[in-house]
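Visitor: Before we look at anything together, could you take me through how a fold like this is read, one feature at a time?

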Amino acid sequence: MNHEYLSAQQFTSLIPKGWRQNSIPKLQYLLESIKPTEQKITEQERRWTEITGVLPKDTHVTIIVPIRNGGKYLAPMLHTLASADIPRSAHATFIFITNNCTYNGLSNHAVNSLLHTLGHVEKRSIDDDFPNTIKNKGVEHAYRRVVIDNTEFIHLDTTAPGKANALNLGSSIADLRNATAFCVDANTFVEPDAIAHMFRETQRLLNEERSSNIGLIMGTQKYDPLPKPVLPKELQHIPSLSNLSLKELLPVLVNTEETIPLSGSFMAWKPSFIQKIGGFPNVANEDGALVFKLRSMKKNVAVAENAITWEIRPQTLDDRRKTMSRLIRGWLQTIATYPEFAQDIRKLIPNMKDPETGLTEQDLLLWQKANPHIPIDAVPYIFELSKKTFQHGKEEYEANPKDIAW
């Protein structure tokens, strides 16, 4: 669906309700029409400094948005991100990277439409602006840019697939600008002050002078409630399944003895360090692979509690199956690329424990015991759904082990 043909009400309805409830009050001081613009700017700069401890003029951040076939949520996500509570006097660069998109140019169109709403769009050359920086051979040499004071909005297009490629591309530009790098996924709505809170944590935890053992910081995910899932016809007659959510029908289990952050939809890092260790691993789930790589280096991942995002989850059981199958494919790629992580991955991620079924029945029974609202007679069906999803992901991997597209 092209956002140009949506009414304002339809456009707004695609923004998570939780984001709207939390974020609009945070932006109220900027929305008040009676306040002079100069006063709004001063208040915004004060808020940034109050949260981060850094003056806007001394702030250097690069926000990377990898986009592959963003779908109907992309346009509202881009507009909410552009409204982030960051002073234009900060040295902020937003890099929208459309990578290997196949939906008739709709993702490119959504990004370019945003740029034209922000200001004058310049056509630039990567050879002139980023000499000896961009190694990604698939990147179009011409790119588009909007500049507002110290803030830039950039659109790069590449035929190279994979979020890892997009992040490494954006990270190289962030390193050139001596900026902290951020990733925001195209299905993730960032609350207006989330980047400020994340930046504060990067200043506190990623500073080399403090000999920090933190290599990556992830934000805090929240979700709107999902609609009640429609069961496949062969399961619709089973009462024990009718009240379960998508998350319960196809669960991702957690090793409660040693949980680790694994969500890379909103994260931050120091580009010089990540590039020094080889960049984001070139697998489908580059964030998870990087977490295990950091663990092997005795580096940890932190979570910024106040850096809140609202993520769009799969809306149907079929969508959830596809998402989880891609996740399985990514973990199998990680195990093949880093066999030294295999034992640790299978231990810490119960969905990868068994090479043939993914989840084991024993782990699923332990999960049900910890969640007594799940009917015990639903477990065989949940196990079968999980097993088929795992096996589909395994088939995807075996058919094309090098496919890193998400």
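Visitor: Which residues do ring pairs link into a cluster?

Guide: This is a predicted model, and in it F292, W331, Y338 and F341 are the residues that ring pairs link into a cluster.

Visitor: How many aromatic pairs does a search of the whole structure find?

Guide: The search finds 8 aromatic pairs. One of them joins F94 and F153, whose rings are stacked, with 4.8 Å from centre to centre and 10° between the planes. Since F94 belongs to strand β2 (residues 91-99) and F153 to strand β5 (residues 151-158), the pair ties together parts that are 59 residues apart in sequence. F94 is buried, at a relative accessible area of 1%, and F153 is buried as well, at 0%.

Visitor: Why is the pair of W269 and F280 edge-to-face?

Guide: The angle decides, because planes over 60 degrees apart count as edge-to-face. The ring centres of W269 and F280 lie 4.8 Å apart while their planes stand at 75°, so the pair is edge-to-face. The pair links distant parts of the chain, 11 residues apart, with W269 in strand β9 (residues 266-269) and F280 in the loop between α11 (271-276) and α12 (286-296). Both W269 and F280 are buried.

Visitor: Over which ring does the charged end of K299 sit?

Guide: The charged end of K299 sits over the ring of F273, at 5.1 Å from the centre of that ring.

Visitor: Turning to helices, what span should the 21 residues of helix α13 have?

Guide: One takes the rise per residue and compares the expected span with the distance between the ends. At 1.5 Å a residue, helix α13 (residues 317-337) should span 30 Å, and because its end C-alpha atoms are 30 Å apart, the two values agree. Among the buried residues of α13 are L317, R320, M324, I328 and W331, and what covers the buried residues of this helix includes α10 (246-249), α12, α14 (342-348) and α16 (379-399).

Visitor: Why is α12 described as largely enclosed by the rest of the structure?

Guide: Burial is counted residue by residue, and 9 of the 11 residues of α12 are buried, so the helix is largely enclosed by the rest of the structure. Its buried residues include the charged E286, D287 and K293 as well as L290, V291 and F292. α12 is followed by K298, which has a positive phi, near 65°.

Visitor: How should I read empty space, and what volume lies in the second largest pocket?

Guide: Rolling a probe the size of a water molecule over the atoms shows where empty space is left. Here the second largest pocket holds about 430 Å³ of space. It is lined by 18 residues, of which L30, Q44, S83, A84 and R88 are the closest to its centre. At least two lining residues come from each of α2 (17-26), α3 (28-31) and α4 (37-52), and α4 gives the most, with 5 residues.

Visitor: Finally, is N69 buried or exposed?

Guide: The cut-off for buried is under 20% relative accessible area, so N69, at 14% relative accessibility, counts as buried. N69 is found in the loop between β1 (60-67) and α5 (74-82). Leaving aside neighbours within four places in sequence, N69 is in contact with C101, T102, Y103 and S107. N69 and P36, by contrast, are 33 residues apart in sequence and 40 Å apart in space, C-alpha to C-alpha.

Definitions and conventions:
Residues are numbered from 1 along each chain as its sequence is written. This is a predicted model: local features need pLDDT of at least 70, side-chain atom pairs count only at pLDDT 80 or more; totals for chains, interfaces and linings use all residues. Side-chain values use heavy atoms; hydrogens and water are left out. Rings of Phe, Tyr and Trp (its six-membered ring) pair if their centres lie within 6.5 Å; planes under 30 degrees apart count as stacked, over 60 as edge-to-face and the rest as tilted. Helices (H or I, at least four residues) and strands (E, at least two) are DSSP runs, numbered from the N terminus. Buried means under 20% relative accessible area, exposed over 50%, partly exposed in between (1.4 Å probe, protein chains only). A charge sits over a ring if NZ of Lys or CZ of Arg is within 6 Å of the ring centre and within 35 degrees of the ring normal. The expected span of a helix is 1.5 Å times one less than its number of residues. Contact means heavy atoms within 4.5 Å. On a 1 Å grid over the protein atoms alone, a cavity is a set of points where a 1.4 Å probe fits but cannot get out, and a pocket is an open set with protein on both sides within 12 Å along at least five of seven lines; lining residues have an atom within 4 Å of a point. Grid points are joined across faces, edges and corners, and a volume is the space filled by probe spheres set on the points.
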